[in-house]
Amino acid sequence: MKDHLESSIFGDHEDTVDGVDHLDGSHAPGAHPGATPPLSRREMRERELAERKRGKRRGAKAAAGGAPRGKPSVFRRLVVIVLALAVIGGGVAVAYKALRPVVEGFLESNDYPGPGTGEVRVTIDRGSGGTAIAKTLADEDVVKSSKAFIEAANNDPKSAGIQPGIYTMKKQMKAADALAILVDPKNRLITRVVIPEGLWADEIYAKLSKSSGIPVAQYAAAAKQVDELGLPPSAKGNIEGYLFPASYEFGPTATALDQLKEMVAESTKRLDALGIAPDRMERVVTVASLVEGEAQNETDRSRVARVVENRLAKKMSLGFDSTVNYIFKKRGVPTQQMLESNNPYNTRRFQGLPPGPISNPGESALQAAANPVAGPWLYFVTVNLDTGETKFAATYEEHQRNVAQFQKWCADNKGKC
């Protein structure tokens with residue numbers, strides 16, 4: 001009875017073997033090798049429910065026209081590919097616009113190929129280092145970049161010797177070519193002139209004119225522009241004595257006035273360094289010019305300055321040939337006619353200092369005039385014009401013996417006195 005009820009409830013036929021139910025119709029004792037093990041009723045019900053659920057899902061997908069899971073349609077694949085390419089393409093475009101300048105900066109040369117065009121004057125200031133020079137050239141478009149010039153300079157040891165000045169160059173030159181111009185001092189557009197000690201102003205004008213090409217007349221005219229020259233008030237507008245002897249370099253645009261102003265400034269600077277006040281500068285420069293005109297040897301300068309001061313203190317005339325020569329702008333031993341000149345610069349006839357400097361003295365003459373050595377000397381005479389040997393004396397008798405020695409030298413060296 002029980003077996004019948006169970007059979008009617010589950011709708012399945014049961015087989016029993018040895019009191020054990022076998023729902024799949026197999027019998028354990030008689031099952032063939034490899035047969036699936038028997039399932040319990042619960043396991044069979046769970047399997048049946050799972051199969052039903054899977055069947056419903058497949059039916060719903062089929063009704064909607066969808067493809068089986070894991071196998072997307074060709075159309076869907078194409079859509080995905082197109083969208084992906086669009087995203088990638090847009091990113092590439094944005095990246096190209098952003099990175100293009102950077103890439104071009106890496107690929108583009110920072111130097112011009114040369115040789116350049118046109119003409120430009122470049123000023124290299126005193127004290128400029130490599131970076132400053134490179135910037136100047138780049139700003140003038142002589143080189144394409146500061147980096148190009150610095151690289152060229154680092155590869156050339158001569159770049160350390162670039163001198164200040166003005167150089168004629170081209171626009172858009174190769175950096176190495178621009179450097180080659182700067183390292184050659186011959187390419188500097190400057191007026192170089194060396195002014196020796198003891199020259200008259202007229203002689204200095206001639207030297208400046210020869211170097212600069214500016215007419216002598218322009219220097220003479222500039223010397224009269226007293227308000228522009230920077231002379232001390234004690235000079236009373238007289239430039240003689242204040243054109244300091246030295247080596248000068250003037251730029252191509254420097255005028256005659258510019259050059260004279262620089263020389264005057266150098267002179268007053270040296271006097272100031274010696275502690276000479278502006279109101280004393282004229283006297284010191286005048287004495288220094290006498291020292292420059294009379295002392296041929298460096299060791300004699302301070303003693304000549306002492307003779308000047310000793311004679312002035314005793315109210316004696318100086319009696320210097322150099323002052324007479326200044327009147328006539330001649331060098332050497334003055335003639336008797338020259339010695340008789342009634343000009344106030346003739347210190348043989350007029351006591352005291354001449355009206356102004358008789359030359360442009362150098363540093364050692366200025367130092368001697370500012371601080372003459374102590375001594376009793378009142379006289380001196382050069383006894384050998386070849387060597388410049390000079391003898392000093394405190395008495396007139398001793399001086400006469402020295403003069404006799406000079407006269408003998410002149411007799412032995414005809415044509416030199």
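**Exercise 1. Lys315**

Task: In this predicted model, decide whether Lys315 is buried, partly exposed or exposed, and describe its backbone.

Solution.
Step 1. The relative accessibility of Lys315 is 65%. The class "exposed" applies over 50%, so Lys315 counts as exposed.
Step 2. Lys315 sits in the loop that runs between helix H12 (301-313) and helix H13 (321-328).
Step 3. The phi angle of Lys315 is positive, about 60 degrees, although Lys315 is not a glycine.
Step 4. Most residues other than glycine have a negative phi.

**Exercise 2. Gln172**

Task: State which loop holds Gln172, what phi Gln172 has, and which accessibility class applies.

Solution.
Step 1. Gln172 lies in the loop between strand S4 (165-171) and H6.
Step 2. Phi is near 55 degrees for Gln172, a positive value in a residue that is not glycine.
Step 3. The relative accessible area of Gln172 is 37%. Partly exposed covers the range between under 20% and over 50%, so Gln172 is partly exposed.

**Exercise 3. The Gly114-Pro115 peptide bond**

Task: Determine what kind of peptide bond joins Gly114 and Pro115, and describe the surroundings of Gly114.

Solution.
Step 1. Omega between Gly114 and Pro115 is about 0 degrees, and the bond is cis.
Step 2. Most peptide bonds are trans.
Step 3. Pro115 is in the loop between helix H3 (74-107) and strand S3 (117-124). Gly114 is placed in the loop between H3 and S3 as well.
Step 4. With a relative accessible area of 27%, Gly114 is partly exposed.
Step 5. Leaving out residues up to four places away in sequence, Gly114 touches Gln172, Met173 and Lys174. Gln172 is the residue of Exercise 2, with its positive phi.
Step 6. Gly114 and Ala176 are 62 residues apart along the chain, and their C-alpha atoms are separated by 9.5 Å.

**Exercise 4. Packing of H5 and H6**

Task: Work out how H5 and H6 are arranged, and which residues form their contact.

Solution.
Step 1. Two packed helices are described by the angle between their axes and the distance between the axes.
Step 2. For helix H5 (residues 146-154) and helix H6 (residues 175-182), the angle is about 60 degrees and the axes are 8 Å apart.
Step 3. That angle makes H5 oblique to H6. The range for roughly perpendicular starts at 65 degrees, and roughly parallel needs an angle under 35 degrees.
Step 4. The crossing of H5 past H6 is right-handed.
Step 5. H5 contributes Ala148, Phe149, Ala152 and Ala153, which meet Ala175, Ala176, Leu179 and Leu182 of H6.
Step 6. By type, the contact of H5 with H6 has eight nonpolar residues, no polar and no charged ones.

**Exercise 5. The disulfide**

Task: Find how many disulfides the whole structure holds, and give the geometry and accessibility of the cysteines Cys410 and Cys417.

Solution.
Step 1. Searching the whole structure gives one disulfide.
Step 2. This disulfide joins Cys410 to Cys417, with an S to S distance of 1.9 Å. The cut-off is 2.5 Å between the sulfur atoms.
Step 3. The angle about the S-S bond is -90 degrees, and the link of Cys410 and Cys417 is left-handed.
Step 4. Cys410 has a relative accessible area of 17% and is therefore buried. Cys417, at 42%, is partly exposed.

**Exercise 6. Two strand residues**

Task: Describe the location and contacts of Thr191 and of Glu389.

Solution.
Step 1. Thr191 belongs to strand S5 (residues 191-194). Its relative accessibility is 10%, so Thr191 counts as buried.
Step 2. With residues up to four places away in sequence not counted, Thr191 touches Ser211, Ser212, Tyr248, Glu249 and Phe250.
Step 3. Glu389 belongs to strand S8 (residues 389-393). At 36% relative accessibility, Glu389 is partly exposed.
Step 4. Under the exclusion of residues up to four places away in sequence, Glu389 touches Asn297, Val381, Thr382, Val383 and Asn384.
Step 5. The C-alpha atoms of Glu389 and Asp300 are separated by 9.1 Å, with these positions 89 residues apart along the chain.

**Exercise 7. Totals**

Task: State how many helices and strands the protein has, and what share of its residues is buried.

Solution.
Step 1. The protein has 16 helices and eight strands.
Step 2. Of the 417 residues in the protein, 35% are buried.
Step 3. Among contacts with a separation of 6 or more, 60% are between residues 24 or more positions apart.

Conventions
Residues numbered from 1 in each chain as written. Predicted model: local features only at pLDDT ≥ 70, side-chain atom pairs only at ≥ 80, totals over all residues. Heavy atoms only, no water. Axes fitted to C-alpha atoms, helices over the stretch in contact; angles between N-to-C directions. Helix = DSSP H or I, 4+ residues; strand = E, 2+ residues; numbered from the N terminus. Parallel < 35°, antiparallel > 145°, perpendicular 65-115°, else oblique. Left-handed = near helix turned anticlockwise from the far one by under 90°. Contact = heavy atoms within 4.5 Å. Nonpolar A, V, L, I, M, F, W, Y, C, P; charged D, E, K, R; others polar. Buried < 20%, exposed > 50% of the residue type's maximum accessible area, 1.4 Å probe, protein only.
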